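Please look through the structure below with a view to its inner spaces, its helix packing and its unusual backbone spots. The paragraphs that follow take these topics in turn.

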Amino acid sequence: MRCIATILTSFLFSALSFAEAGSWTATGKVVAMPDKSLRISEGAAIALKPENNSGGFENFELSCEVRTAENATGFIAFHTDSDLSKGYKVAIDNSRKSKTWWRKTGSLLGVRNIVKRISEDGKWTRIDIKVSGNLVEVSVNGHKLVEYAQPEKPFRLPQNKNSVLGSGAVAIKCAAGQYIDARNFKIRKTKKSGTIIAADPEDGNGAIAFHQADFPVLDYHVHLKGDLDAEKAKAQSRRYGINYAIAVNCGKDFPINKDPLALEFLEKNKPEPYVVAMQAEGREWMKLISKPVRDKFAYVFTDAMTFEDRQGNRVHLWKPEEVRISDRQDYMDMIAEKICGVVGEPANIYANATYLPAALQPHYAELWTDARRQKVLDALVKGGMALEISARYKIPDAKFIKAAKKRGVKFTFGSNNSDSNFGKLEYCLQMARECGLTAEDMLPPTIEKR
């Protein structure tokens with residue numbers, strides 16, 4: 001075994017570019033390939049241990065390229081020990097079949113899990129990791145995905161208590177699947193920074209608690225509006241630790257109302273590290289945007305806030321001047337009927353669920369009777385749509401969410417913002433806790449369609 005380890009170590013120095021003198025340790029099956037990469041088989045790992053490298057790796061800059069066999073998964077660990085049981089792990093996972101669809105390559109596991117897959121099995125992927133003081137940065141193929149400033153008192157569940165910054169070994173492991181190839185490994189120790197990056201406080205109510213519990217943290221309903229452009233959205237997503245799906249409004253009353261315009265938006269945003277979705281507006285959307293184009297988006301969501309009333313008038317429920325109520329109960333019956341029709345449309349998500357116009361909002365509990373709730377829920381289940389929990393409108397209420405969960409309905413979280421000031425999914429996370437939602441209750445975004 002010692003001989004094998006020595007051979008592997010010798011190979012590593014010739015095949016992987018390593019900026020400083022050091023020594024690797026291999027466990028499990030690690031094979032030198034003709035192209036000078038290393039093939040790390042399932043369960044195997046390579047590690048740079050402190051005792052062989054003039055002490056542990058604390059502040060450093062690391063880069064390497066990895067290539068996964070189909071559905072193989074693993075990680076790069078740092079500040080870790082011989083058991084790889086402490087410190088942090090950066091995910092290597094391009095799998096299309098993984099049940100944990102929210103932990104793709106580049107995730108700082110348990111702290112900043114990344115939803116969008118921006119690398120593919122069978123292709124070389126570059127991963128860059130930088131640790132400076134309390135700041136961890138992770139980039140994949142040039143896209144910065146993680147910018148995590150660890151606070152003085154990080155929130156950690158008992159099983160994650162050792163997932164904190166420190167010093168220690170660096171390792172690459174293939175945890176599952178046939179193998180992971182690695183090449184062009186470079187690491188450079190850097191001087192300890194005296195600068196402490198300001199970090200948001202962490203507690204059991206915020207997004208970090210859901211990351212710790214291995215629950216997908218994705219805002220499925222974000223718009224590039226007001227002062228929120230793509231660059232600001234990416235920076236805010238990294239800071240908050242909330243994945244964003246950027247949605248474009250498509251419909252009769254919006255600038256994007258035909259295939260070429262929808263495709264233009266999609267192609268512009270497709271390379272970005274956020275999910276790209278479509279919001280279908282009005283009831284004509286299926287005629288305006290063809291199914292082949294719709295299917296290129298991660299998913300499509302719609303709502304029942306735009307329709308023709310019984311007199312044939314076009315109504316936008318958020319515009320008081322278009323809401324003509326002569327009988328409150330009769331108008332509420334019409335809203336329930338319109339919702340039942342909407343949830344039968346070929347979209348994936350029913351958004352702004354149970355929304356009422358301003359004149360009726362104070363009477364939400366009274367007007368959303370058990371009979372109306374049951375009618376809408378029956379239609380929702382039949383239509384197969386997921387149900388959005390709206391951070392903006394704080395709807396649906398817990399009663400509706402619990403009833404939908406009991407019927408097997410999937411859920412999404414949505415901010416439906418008008419600018420950059422739209423919070424951190426507070427209501428959504430509160431409802432998830434109160435209603436006992438699990439990762440299995442959340443709708444996986446169908447990113448593969450892109």
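**Cavities, pocket, helices and backbone**

The lining of the largest cavity is made up of ten nonpolar, five polar and five charged residues. The model is a predicted one. This cavity has a volume of about 210 Å³. There are 20 residues in its lining, and those closest to the centre are I114, L145, S237, N243 and P273. Three elements give two or more residues to the lining: strand β10 (143-149), helix α3 (230-240) and strand β14 (243-250). The largest share, four residues, is from α3.

How many cavities of 30 Å³ or more does a search of the whole structure find? It finds two. The second largest has a volume of about 40 Å³. Its lining consists of A304, M305, L317, I335, I339, Y350, N352, T354 and Y355. Seven of these residues are nonpolar and two are polar, with no charged residues.

Next comes the largest pocket. It holds about 530 Å³ of space. Of the 24 residues that line the pocket, D200, P201, R239, Y240 and K424 lie nearest its centre. The elements that supply two or more residues to this lining are β10, α2 (207-212), α3 and α11. Sorted by class, the pocket lining has eleven nonpolar, three polar and ten charged residues. Both β10 and α3 were named above for the largest cavity, where each gives two or more residues to the lining.

The next topic is how helices pack. Two packed helices are described by the angle between their axes and the distance between the axes. Take helix α7 (residues 328-342) and helix α9 (residues 370-383): their axes cross at roughly 15 degrees and come within 9 Å. Angles under 35 degrees count as roughly parallel, and α7 and α9 are therefore roughly parallel to each other. Their crossing is right-handed. On the α7 side, the residues that meet α9 are Q329, M332, D333, A336, E337, I339 and C340, and on the α9 side they are R372, K375, V376 and A379. This contact has six nonpolar, one polar and four charged residues. I339 of α7 also appears in the lining of the second largest cavity.

A second pair is formed by helix α10 (residues 398-406) and helix α11 (residues 426-434). Here the axes are 10 Å apart and the packing angle is about 55 degrees. At that angle, α10 is oblique to α11. The crossing of α10 and α11 is right-handed. A398, I401 and K402 of α10 make the contact with Y427, M431 and E434 of α11. Four residues of this contact are nonpolar and two are charged, with no polar ones. Helix α11 is also one of the elements that give two or more residues to the lining of the largest pocket.

Two points about the backbone remain. Most residues other than glycine have a negative phi, and most peptide bonds are trans. Where does the model depart from this? One place is the peptide bond that joins I395 and P396, which is cis, with omega at about -10 degrees. P396 is in the loop between β20 (386-390) and α10. Another place is H79, which is not a glycine but has a positive phi of about 55 degrees. H79 belongs to strand β6 (residues 73-80).

Notes
Residues numbered from 1 in each chain as written. Predicted model: local features only at pLDDT ≥ 70, side-chain atom pairs only at ≥ 80, totals over all residues. Heavy atoms only, no water. 1 Å grid on protein atoms, 1.4 Å probe; cavity = no way out; pocket = protein on both sides within 12 Å on 5 of 7 lines; lining within 4 Å. Points joined across faces, edges and corners; volume = space filled by probe spheres on them. Nonpolar A, V, L, I, M, F, W, Y, C, P; charged D, E, K, R; others polar. Axes fitted to C-alpha atoms, helices over the stretch in contact; angles between N-to-C directions. Parallel < 35°, antiparallel > 145°, perpendicular 65-115°, else oblique. Left-handed = near helix turned anticlockwise from the far one by under 90°. Contact = heavy atoms within 4.5 Å.
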